[in-house]
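Subject: Structure for your review

Dear colleague,

Please find below the structure that I would like to hand over to you. My notes on what was found in it follow directly after.

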Protein chains: 2
Amino acid sequence: MAPTLELLEKPTGIPPVKTVSATRNGTSAASDLKLESPEKHQRVMDVFRAVIADICQQYGEGHAGSPMGMAAIGIALWKYVMKYSPINCNYFNRDRFVLSNGHACLWQYLFLHLVGVKSMTLEQLKSYHSTKLDSVCPGHPEIENEGIEVTTGPLGQGLANAVGLAMATKNLAATYNKPGHDVVNNMTWCMVGDACLQEGVGLEALSLAGHWRLNNLCVIFDNNSVTCDGTADVANTEDINTKMRATGYNVVDVYNGDSDVAAVVNALVAARSSDKPTFINIRTTIGFGSAIAGTADVHGAALGVDEVARLKRSFGLNPEEHFHIPQDVYDFFSDIPGRGEAHEAAWQAALVKYHAENPILAAEFELRVAGKLSGDWTKCIPRKEEQPTASTASRKSAGVVTNALGQNINSFLVGTADLTPSCNVSYKNKVDFQSPELQTACGLNGNYSGRYIHYGIREHAMCAISNGLAAFNKGTFIPMTATYFVFHLYAAAAVRMAALQGLQQIHIATHDSIGVGENGPTHQPVAVAALYRAMPNVLYIRPCDAEEVAGAYIAAIQATETPTIISLSRQGLTQYPQHSSREGTLKGAYVFVEAEDDDFDVTLIGVGSEMGFAMQTRELLLKDHGIKSRVVSFPCIRLFEQQSREYKHSVLKPRAGKPSVVIEAYPSYGWERYADASVSMNSFGKSLPSKEIYEHYGFAPESITPKVKDLVEEVRRDGIGILRGDFRDFNGGLRIGFEH
Amino acid sequence: MAPTLELLEKPTGIPPVKTVSATRNGTSAASDLKLESPEKHQRVMDVFRAVIADICQQYGEGHAGSPMGMAAIGIALWKYVMKYSPINCNYFNRDRFVLSNGHACLWQYLFLHLVGVKSMTLEQLKSYHSTKLDSVCPGHPEIENEGIEVTTGPLGQGLANAVGLAMATKNLAATYNKPGHDVVNNMTWCMVGDACLQEGVGLEALSLAGHWRLNNLCVIFDNNSVTCDGTADVANTEDINTKMRATGYNVVDVYNGDSDVAAVVNALVAARSSDKPTFINIRTTIGFGSAIAGTADVHGAALGVDEVARLKRSFGLNPEEHFHIPQDVYDFFSDIPGRGEAHEAAWQAALVKYHAENPILAAEFELRVAGKLSGDWTKCIPRKEEQPTASTASRKSAGVVTNALGQNINSFLVGTADLTPSCNVSYKNKVDFQSPELQTACGLNGNYSGRYIHYGIREHAMCAISNGLAAFNKGTFIPMTATYFVFHLYAAAAVRMAALQGLQQIHIATHDSIGVGENGPTHQPVAVAALYRAMPNVLYIRPCDAEEVAGAYIAAIQATETPTIISLSRQGLTQYPQHSSREGTLKGAYVFVEAEDDDFDVTLIGVGSEMGFAMQTRELLLKDHGIKSRVVSFPCIRLFEQQSREYKHSVLKPRAGKPSVVIEAYPSYGWERYADASVSMNSFGKSLPSKEIYEHYGFAPESITPKVKDLVEEVRRDGIGILRGDFRDFNGGLRIGFEH
């Protein structure tokens, strides 16, 4: 594609960039831009590449190859096309940029430095891969740092995040923009390498963005044809352009991405006015300019002292100068801060006018800009006296809350990986998030203001896209997702990224124990909970009845920097209005049934849908054996660990010299901190109806009672010390499928 | 597409099917087949659909919709096209069939019954969703049952398994077939619904099969346009045919998949002689024949008594008869057992001839058919005296073993998700698994006999494809995979399926602690181990040095029904030739340094790459405080749990009244069974070099020693009972990112 933009013959100072005209996604119609000369671009790229080589050479490591290859793309983005403010990287209507190939972060860091982001000093740049604590230049981009929208690194995640960011814009625009008042109209630019286009999570997200016609998303492919293992065709020979067209993208080729800044600008500018998401396939050379350019050797390594010197000489630079950025290169970017401030000022001014004409809508919008919920969520939680008393599946109890939140508060987005009926997440008068074009084409109910999201059968993308929604502006959205708990294994890498970034979201995880029944062992989530209980900054909550479900939602909404998984039953659960408590749930564990006068033989710990077995066992122990038990409900380990030592001891009474037994249809692994014995699942399950599978694996008061009785008698006889080093797994220990 | 096969005007008995001619992938050139009349097909389909409706109606649940929609496809497969033997479902050269949309299992069960699989009685069919223990008709297909190649259900997995099965054939054929002797030439048929084409794992696997030109793979798309949430276009509007062509498939359309058996047969037969993998897009109607056909309501539900009766009447069947299969329908399939026996007999005869002409190759092949390794693996494990003594990264120690196994034994396939250099898995003279066509086109080193697999950046498909390789014929292949341990989160759902199915494989998981360093928190696998330690039938082994690495491989190879994850360091590790032991590793934990005369104050548990801290702390405790420690190495919790109580107590000495402290750069969660305190990671990490990040998080003898000293003194003063209910997390407990 030949550049169609006007090129200045010679640099004549910083050209003005005209302000916003009526394009679909923000500023910069192609004709508004005046580019500097190719020679000037080359000069900036030469310096850029040399500095990248210097930084990696310091410690003899780091990723130099992609940053050097992507120099022209960076100039096109940060100098010409992106709408942002280096003075205030977080201004609300900024274009979002995601570096999905996060290992190329040095590229982004250096551009942030050049355009004037204050925290990104040259000293900070030099701290890449150093021993500096809390450097703003970590080995992959981190959301905590200025100019970074999301933490990336695990490949494909950033691409899915970008889809979420673009959705956020579409939803806000459809909800709040009024004719003549585009208070939200930013683009989302996402840089990807080969990996993001190979990873399943990236492919799932790409399909959705195509389906949703997210024309405010531009995916920029750094097509350098090289991966760690060699040339990319060692594992991939598909026709990516045709594939992307079939997935609903406008596809644009750039053939000389190493130096043709104008062609890149052209393609990027065209993306703003596309009717579909845009995929720009840019051919670049990894490690451009180095002797090993175009090979895997330059992917994740420094070039070596001699080669860095040679490279500089070949660029006409002084090999003795390190980390040297001449003033003319800084000057090249010197218009950016002012332009950014102008962007932000224009947006602020537009907001004032908008507020004047749409005061109610503007008030809600401003709340959301401030990261506050747009409605009173407390009214969406049933009061204790409104809770059911008859047996109710906790997925149903949760549905009541989800539906109220989804229906009444614009901050909540409710989505599901094709399990609307099973997860009970649909609500009255819901509007789907869909392209309005599909409303006509397929007769679908929906438009971009819709807040019910059909993710298809794509759990990983669902959670990774939710990360983008949550990261758009923390607090503006609280994404909710819904699938079976076992499928949170598909999504695990995305949930981990939410936890790492402190992104709030609520995952409705139904069918959470062997009680799921006939679907069998593939669908019974044995062992999945251990992952989320061990994972920092995740709340994994298993409520035992509707009242605890209420507590779980309260915890999830209050946890503004934390993803929460609410783990729910398929089957009906006995309700315990006399015992269960939302306040107790918020403490993670609490006394469900106390012993009189501290006179007890054993503490039974009931968890989630297995609480019924604890309560029934308590009765049988007393009736048949005169054994007195107290019962503890334990919906959330992490919430419990936040409590004081005194509270914890008051709940579990570990020093009373009596044993504790936990009852949960998951492996015992991880319960040893709180219990001496367990009724648990240490194998995979079977395809049987709920009642029968529980019985088969020993979850029945008749099975549990004699085991607890024996334990109590043993402790009476030999003292509690007998249990040290002898955790009793009543259903057998951690199993393995072979004999030595 | 109009059927081009000869149709019989009237049924004239069972037509003979000619035996194998020289086609690329087994039997059945189109011209060899004679089809029964459309009327006969309709009759069989009517009965089939009525019986499906009856079975689901029994318990008012189950998946009736897809099985009813796929009736014609089933006839095409089981009556005409597939090469298999219902008398011996496991005969080696059978075509493999995978039902990736596993919820449609009733369809497969009923066809297995009709073609004469003995265990699949009518009584068993009626046990679907019943309380019958170990029914051969569980809610999803399970590998343990006759005629089921792999357990499916979690969507997308089966499709990736099918790619592995097709690779297995290609690799065996390229290794053992000789001109005139095709001892392996089976096809792999894989049925998919919408979901498998949306799930990332399916998309990754499809890309690879296209890249590898697996023309022995046929993906059959039951395109009924309906998912749980409604019409499929609610979440997907891509052009699937174009996308599949761009991914390297021959695409064939069948427009009337509800009844046009001939068109389906035609498409399937064409797949056998395709030069690429085949994708058959078959339009069907979910719940065909029922009043709610073509809607989501029929996906996962029974039809209702009245509707079942109406349906039967509409088919001209007697509504009073239930589960009724008339003799003429059985007769329709009555040639199958004989044909299957003939297939198998022909293969056995071919094998005899092959053996006579190629005795050495045949001997190895027969070993592998018997599920035995084709070489002496013990020679690939370095002897104790050959181990390094200088600091060595365990990824490097593992590389020595992997390379020997890969280089010398045909049973081992070594693959990586684009981390060949980092994971140290490449070996001398390796040949890549590639299509020979690409050797010409791209100059790639490889052909189908290659056993080094470049999976690209597709961890989930890598592990799911490995499941197919392992399931081809248990023991014929031991797949090995390699990636960073943190990316085992991407692959978790596939590893779980391996564990559930008892599939042996070895996962080389490098960069396994915060010691990975500069790549930062996204790459530091905090919390991932908890998943695999809790998961039934997985060996997660963290060796502390080269000798323990040897033990880990021995365990992995001996565990013939178990996936093993060998968890390895990026950074160099001190070697402990005086202490470490492969025999101890095989027991999961063992005494590394014993106390003299049982005189000790504390047991330090060192794990994997953190063993060094335990050993250094031991020295410092003694030197600075006169505190005597014993040290336990604990590479594998599950192996340890297999040991006798006596052995366990001899290692941990829980009754000695002394505390135990575990040192591992993962969360403490799960160690409470064995330790009273921990030095652990209960937050995510940071981007810092290995040494600095360890120090930052308190992993240094100078940090650990005073904490252990305090603990020892407290226990001396107050007794061991003081620790009950007070696990000491020296680095802080399970953290959360918000304040209440």
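With which residue does E518(B) form a salt bridge? The partner is R570(B), and the closest N and O atoms of the two are 3.4 Å apart. E518(B) belongs to the loop between strand 14 and helix 19 of chain B, whereas R570(B) sits in the loop between strand 16 (563–567) and strand 17 (572–573), so the pair ties together parts that are 52 residues apart in sequence. E518(B) counts as buried because its relative accessibility is 8%, while R570(B), at 29%, is partly exposed. Please bear in mind throughout that this is a predicted model.

Other salt bridges

Over all chains, the structure holds 82 salt bridges. One of them joins K79(A) to D335(A), with the closest N and O atoms 3.2 Å apart. This pair links distant parts of the chain: K79(A) is in helix 3 (residues 71–81) of chain A, and D335(A), 256 residues apart from it, is in the loop between helix 11 (327–332) and helix 12 (336–357). Both K79(A) and D335(A) are buried.

A salt bridge within a single helix is formed by R310(A) and E307(A), whose closest N and O atoms are 2.8 Å apart. Because R310(A) and E307(A) are 3 residues apart in helix 10 of chain A, about one helical turn separates them. As a general point, an α-helix has 3.6 residues a turn, so residues three or four places apart point the same way. R310(A) is partly exposed at 32% relative accessibility, whereas E307(A), at 13%, counts as buried.

Chain A also contains a network of salt bridges that links D512(A), R533(A), R542(A), E610(A) and E664(A).

The two chains and their interface

A turn of 180° with a shift of 0.0 Å along the axis lays chain A on chain B with an RMSD of 0.0 Å. This is the relation of a two-fold axis. The same surface serves both copies, as 99% of the contact residues of chain A recur in chain B. Of the residues of chain A, G200(A) comes closest to the rotation axis, its C-alpha being at 1.8 Å.

Chain A contributes 137 residues to the contact and chain B contributes 136 residues. About 11,200 Å² is buried between the two chains, and carbon and sulfur atoms give 57% of that area. Between chain A and chain B there are 75 residue pairs in polar contact and 12 salt bridges. Among the salt bridges is that of R673(A) with D729(B), whose closest N and O atoms are 3.1 Å apart. Helix 7 (residues 200–211) of chain A provides the largest share of the side of chain A that touches chain B, namely 7 residues.

Annotated positions

An unreviewed UniProt entry lists H103(A), G153(A), P154(A), L155(A), N224(A), H299(A) and F487(A) under "binding site". These positions span 385 residues in sequence and their farthest two C-alpha atoms are 34.3 Å apart, so they do not all gather at one spot.

Two of the listed residues, H103(A) and H299(A), are nevertheless in contact with each other. H103(A) is located in the loop between strand 1 (96–99) and helix 4 (105–115), and H299(A) in the loop between strand 7 (278–283) and helix 10 (305–314). H103(A) is buried at 13% relative accessibility, and H299(A) is likewise buried at 13%. Beyond four places in sequence, the contacts of H103(A) include H63(A), Y128(A) and L155(A), and those of H299(A) include H63(A), C228(A) and I286(A).

Buried and unusual sites

N186(A), in the loop between helix 6 (157–176) and strand 2 (188–192) of chain A, is buried at 0% relative accessibility. A polar atom of the N186(A) side chain lies 3.2 Å from the backbone oxygen of R94(A).

In chain B, two residues that are not glycine have a positive phi: A527(B), at about 90°, and N537(B), near 60°. A527(B) is in the loop between strand 14 (505–510) and helix 19 (528–534), and N537(B) is in the loop between helix 19 and strand 15 (539–541). A527(B) is buried at 1% relative accessibility, as is N537(B) at 9%.

Finally, helix 3 (residues 71–81) of chain B is mostly covered, with 11 of its 11 residues buried.

With kind regards

Key
Residues are numbered from 1 along each chain as its sequence is written. Chains are lettered from A and ligands numbered from 1 in the order in which they are written. This is a predicted model: local features need pLDDT of at least 70, side-chain atom pairs count only at pLDDT 80 or more; totals for chains, interfaces and linings use all residues. Side-chain values use heavy atoms; hydrogens and water are left out. UniProt positions are given in the numbering used here, feature names are shortened, and annotations may be inferred rather than shown by experiment. Helices (H or I, at least four residues) and strands (E, at least two) are DSSP runs, numbered from the N terminus. Buried means under 20% relative accessible area, exposed over 50%, partly exposed in between (1.4 Å probe, protein chains only). Contact means heavy atoms within 4.5 Å. Copies are superposed by least squares on the C-alpha atoms of residues with pLDDT of at least 70 in both. Buried area is the accessible area (1.4 Å probe) that two parts lose on being put together, summed over both. A salt bridge is a side-chain nitrogen of Lys or Arg within 4 Å of a carboxyl oxygen of Asp or Glu. A polar contact is a pair of N or O atoms within 3.5 Å; within protein, one must be able to donate a hydrogen and the other to accept it, and residues adjacent in sequence count only if both atoms are side-chain atoms.
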